[in-house]
Amino acid sequence: MAYHRRSERPADQAAHIVVVGGGLAGLATSVWLAERGFRITLVEKRGRLGGRTMSFEVAGVQGLVDNGPHLFAGCYDALLRYTGTIGTRDRLLWDAPPFAVRTGPDRLLTMRSPKWLPRRTHRVLGLAWLAWPPIPLRDRPAAVRTWLALAAAARKPRAELDSVTVDRWFHRIGAPRSLRALVLDQFVIGLLNEKPERVSAYTFAQALHFLTGRALAGNPRAGDAVWPKVSLHELFVAPAERFLGDRHAEIRTGTGVSDVVLDGDCATGVQLSDGRSIRADAVVLAVPPWSLTTLIDNGNLGRFDEFAPVRKIDAAPISSVYVWLDRPLRMRRLAENLRDTTIEWVFDTGGMHGDTADGHCYALAVSASYEVLHLKNAEFVSRALQSLHKHYPDSIDAEVLRTHVIHQPRATFSAQPGFEDLRLPQRTSIPGLFLAGDWTRTELPSTMEAAAESASRAVEAVLAHLGTGAQ
């Protein structure tokens with residue numbers, strides 16, 4: 001177990017809060033509470049912080065490689081606030097909205113309008129093909145009706161949509177197959193990391209509601225893509241560790257929490273897996289649902305029925321392979337969505353980071369990757385390269401310098417019909433016990449923004465419980 005000892009604190013005794021889980025939700029919760037002057041102990045069972053936003057070394061590569069490519073949007077207010085708090089806002093690369101569909105070599109549907117136009121006008125005109133997509137003429141009236149139905153759902157999501165899948169809902173509203181193949185199905189998969197035939201139509205409508213709501217709230221860059229110019233460790237993790245260290249927080253890695261300590265029905269601390277305990281004025285469990293299930297099954301939380309829905313939450317996978325080539329692909333955008341191949345997205349990570357010292361690096365990703373999750377690495381790499389060859393013919397003659405495969409079986413939650421009823425609020429019925437994590441009740445899909453938003457809500461709940469001051 002590793003201890004990062006806090007330096008000598010001032011003599012005042014601020015309220016002590018234990019945050020369990022060192023992923024993005026736990027880091028943001030700890031940072032924002034420490035910012036308010038609370039004493040923080042952050043506990044992470046693994047030997048490092050970061051959770052799913054982690055980076056690692058790859059042989060032969062300078063610097064760190066991320067645990068798969070990550071995209072967030074200009075409307076991710078909570079996540080942007082987190083980067084502002086820890087001082088990494090300048091390490092973000094802003095780009096046009098991530099609408100770039102490659103249907104074949106030299107065939108890319110993307111932003112097309114004069115850049116000298118005002119930003120909003122440029123965005124609207126540049127995405128005009130979405131309103132009148134290149135599909136058969138006979139399908140276009142149905143496409144118009146589909147867009148209108150989507151707009152209505154985004155304006156006011158109906159709870160009854162949580163009983164049907166997106167696939168069934170698309171059938172119900174008459175979405176033409178050509179429009180689904182070109183745009184809609186991949187949009188669903190990319191946004192929710194789940195197949196249309198598996199994911200809740202309500203969760204999709206809620207995501208559209210969130211995106212359009214932020215865009216209409218006056219943020220002209222709400223729909224823009226935002227890319228990390230550095231590794232996720234340098235963007236989210238290391239600066240947070242420094243921030244917490246500067247505020248006398250204690251970080252414990254390499255030990256888990258086996259139970260929540262209760263005094264009556266109030267949370268008063270945590271029991272560690274090594275037998276020791278930590279007393280606290282409040283406890284925030286910023287852990288994924290499957291980790292919370294273990295606490296429920298083996299500890300005091302099992303006495304409370306409110307946690308039972310967590311057991312029903314399933315996970316969805318993401319798979320990716322990093323490929324380093326001796327020459328660049330002829331990409332027009334930093335990320336392009338492929339059609340009719342194993343690989344769904346190609347990310348120009350070398351271009352994002354401005355680094356080609358080890359070759360031209362591309363991250364090739366598959367969301368909801370059930371079909372490739374159990375492939376041997378060599379087979380997955382072969383299929384990935386075939387995808388590149390189909391859409392980027394120049395890659396056929398390129399030398400592959402190295403590859404690295406990443407499978408994440410539990411990359412996100414799986415928002416199947418009924419999922420919204422399984423999400424728990426950040427404030428529990430147990431005084432002093434709070435929850436954070438993308439799976440908690442945020443009305444958002446499983447994204448970094450959901451993790452940060454849950455942290456923001458958990459912090460507000462803790463402040464309400466303890467009072468707005470830190471003393």
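**Exercise 1. Classify Arg330 by its accessibility, then find its salt-bridge partner and place both residues in the chain.**

*Solution.* Let's begin with the surface: Arg330 has a relative accessibility of 56% and counts as exposed, since the cut-off for exposed is over 50%. Keep in mind as you work that this is a predicted model.

Next, look for the partner. Arg330 forms a salt bridge with Asp394, and their closest N and O atoms are 2.9 Å apart. Asp394 sits in the loop between α12 (377–391) and β20 (400–414), while Arg330 belongs to the loop between β16 (314–325) and β17 (335–338), so the pair ties together parts that are 64 residues apart in sequence. Finally, Asp394 has a relative accessible area of 33%, which makes Asp394 partly exposed.

**Exercise 2. Decide whether Arg180 and Asp185 are buried or partly exposed, and describe how their side chains meet.**

*Solution.* Start with the contact: a salt bridge joins the side chains of Arg180 and Asp185, at 2.8 Å from N to O. Now take each residue in turn. Arg180 has a relative accessible area of 10% and is buried, because buried means under 20%. Asp185, at 22%, is partly exposed.

**Exercise 3. Trace the salt-bridge network that includes Asp77.**

*Solution.* First, pair Asp77 with Arg214: they form a salt bridge whose closest N and O atoms are 3.5 Å apart. This pair links distant parts of the chain, with Asp77 in helix α2 (residues 77–86) and Arg214 in helix α8 (residues 201–216), 137 residues apart. Then add Glu449, which is linked with Asp77 and Arg214 in a network of salt bridges. As for accessibility, Asp77 is partly exposed at 39%.

To set these examples in context, the structure holds 22 salt bridges.

Technical notes
Residues are numbered from 1 along each chain as its sequence is written. This is a predicted model: local features need pLDDT of at least 70, side-chain atom pairs count only at pLDDT 80 or more; totals for chains, interfaces and linings use all residues. Side-chain values use heavy atoms; hydrogens and water are left out. A salt bridge is a side-chain nitrogen of Lys or Arg within 4 Å of a carboxyl oxygen of Asp or Glu. Helices (H or I, at least four residues) and strands (E, at least two) are DSSP runs, numbered from the N terminus. Buried means under 20% relative accessible area, exposed over 50%, partly exposed in between (1.4 Å probe, protein chains only).
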